[in-house]
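These are my notebook entries on a model that I opened today, written down in the order in which I looked things up.

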There are 2 protein chains.
Amino acid sequence: MKGGRTKFAILSLLRLGPLSGAEIKDYCQSRFGQFWSESYGQIYPALNLLCEQGLIRKLEDDEIGKSKKYEILDTGRTFLREWVETPSSDRLVRDELILKMFSASMVAPETLLSEIESALSKNAENMAKIEFGIATLREMNAAKSDAGYWALILRSGQLMASARQAWLEEVLAHVQARAKN
Amino acid sequence: MKGGRTKFAILSLLRLGPLSGAEIKDYCQSRFGQFWSESYGQIYPALNLLCEQGLIRKLEDDEIGKSKKYEILDTGRTFLREWVETPSSDRLVRDELILKMFSASMVAPETLLSEIESALSKNAENMAKIEFGIATLREMNAAKSDAGYWALILRSGQLMASARQAWLEEVLAHVQARAKN
DNA sequence: CTAGACATGTAAGGAGTTACATGATTGC
DNA sequence: GCAATCATGTAACTCCTTACATGTCTAG
């Protein structure tokens, strides 16, 4: 399918209200960041495609010069709903740090420390973002039906991040122990 | 860099002994499956590239007709080691199921059940593979320095899979509760 | 010898990122 | 008006999968 899953990420966001390309990028980062990402190189072409296909439309610039906002159409909502009802493709993970673990015995343990620490701090950042997201969600008073699912998204981030933290700490301990000998 | 990280995945495996393209594919699936994957369309071109660059070599076919095996060279080992010492790129996750959660309120809860259940059973499969991997590792008596790191890889799979299971169960409970009303 | 299985290889195309170009807006 | 900023857009490139084509071994 042309435009792939980027189209659905965009439609998902537009369901809640009109957005511009840049806003879509921002929201992707802040709301989907842990498990999905899109770059401008995908977003802008996809927006044009969605327009051509009559799934969204460009809002007339009431205030000229402002960034172009796009609005989802009923056809777009239907398209989005059908996708939700369709079986998902497999989860894809690409984790270079774990791949390196496979050959980690080739290098001095000390060499690995900085990478593990930077992974830990990146993970801590993620956890903070998720906490912030949880706080925000409470104040958002979204439709109740949405709020439940969105909380589950954040919950997934929580569970994954704390599993990762636990793992990184085990790795750190192992590497430090090896460094001592 | 040409050939990207596929080259390193291949070199990582070849470090342990000569392998053919198909064996590399199998090993990727069984050992790296949870966090890395490669397809033939990447493996074969990468093998040729690695040969051209003098990092591996094709073994002479002592027994003709057998699948072509490739062996890592010292230059390849050095290249691999340097990569391990280099900062990693960010972890990438693409999880369509979670993306759908964002719009899940658009559909009847019952619609979601089969997807959740299939995600649960796929996850259970993964957990079983990891358990098998742990048992295998014990019998492999790999070099002790490798065994420690490899156990950590499996440990990561364990932690992630059980976090995911916990999450999927929460999702299931939520969806079932919504279905009752 | 032949059918099936399996390994190798490739071509086409979609997915995704990066770096750059353009044009408008805002603040000074 | 000028610089800085920001949104939009695009081109080039890498990454990755899929489907197909080819060749080779093996069982019967």
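How many residues of chain B are in contact with chain A, and how many of chain A with chain B? I found 64 residues of chain B in contact with 65 residues of chain A, where contact means heavy atoms within 4.5 Å.

Before going on, I noted that this is a predicted model, in which local features need pLDDT of at least 70 and side-chain atom pairs count only at pLDDT 80 or more, while totals for chains, interfaces and linings use all residues. Residues are numbered from 1 along each chain as its sequence is written, chains are lettered from A and ligands numbered from 1 in the order in which they are written, and side-chain values use heavy atoms, with hydrogens and water left out.

Entry on the protein interface. I looked up the area buried between chain B and chain A, which is about 7,100 Å², with 64% given by carbon and sulfur atoms; buried area is the accessible area (1.4 Å probe) that two parts lose on being put together, summed over both. Arg94(B), Phe102(B) and Tyr149(B) supply 15% of the area that chain B buries against chain A, more than any other three residues.

I then turned to charges and found 10 salt bridges across the interface of chain B and chain A, each being a side-chain nitrogen of Lys or Arg within 4 Å of a carboxyl oxygen of Asp or Glu. Arg94(B) appears again here, in a salt bridge with Glu38(A) whose closest N and O atoms are 3.8 Å apart.

Entry on strands. I saw that strand S4 (residues 92-94) of chain A and S4(B) pair in the antiparallel sense over 3 bridges; strands are DSSP runs (E, at least two residues), numbered from the N terminus, and two of them pair if DSSP finds at least two bridges between them. Within this pairing, Arg94(A) has Leu92(B) as its bridge partner.

Entry on the DNA. Which residues come nearest to DNA strand C? Of the 20 residues around DNA strand C, I listed Gln42(A), Ala22(B), Tyr44(B), Lys68(B) and Arg94(B) as the nearest, a residue being near if one of its heavy atoms lies within 4 Å. Sugar and phosphate account for 76% of the atoms of DNA strand C that come within 4 Å of the protein.

Looking at single phosphate oxygens of DNA strand C, I found one 2.4 Å from a polar side-chain atom of Lys68(B), and one 3.4 Å from a polar side-chain atom of Ser37(A). For Gly21(B), a polar backbone atom is 3.4 Å from a phosphate oxygen of DNA strand C.

Definitions and conventions
A polar contact is a pair of N or O atoms within 3.5 Å; within protein, one must be able to donate a hydrogen and the other to accept it, and residues adjacent in sequence count only if both atoms are side-chain atoms. Helices (H or I, at least four residues) and strands (E, at least two) are DSSP runs, numbered from the N terminus.
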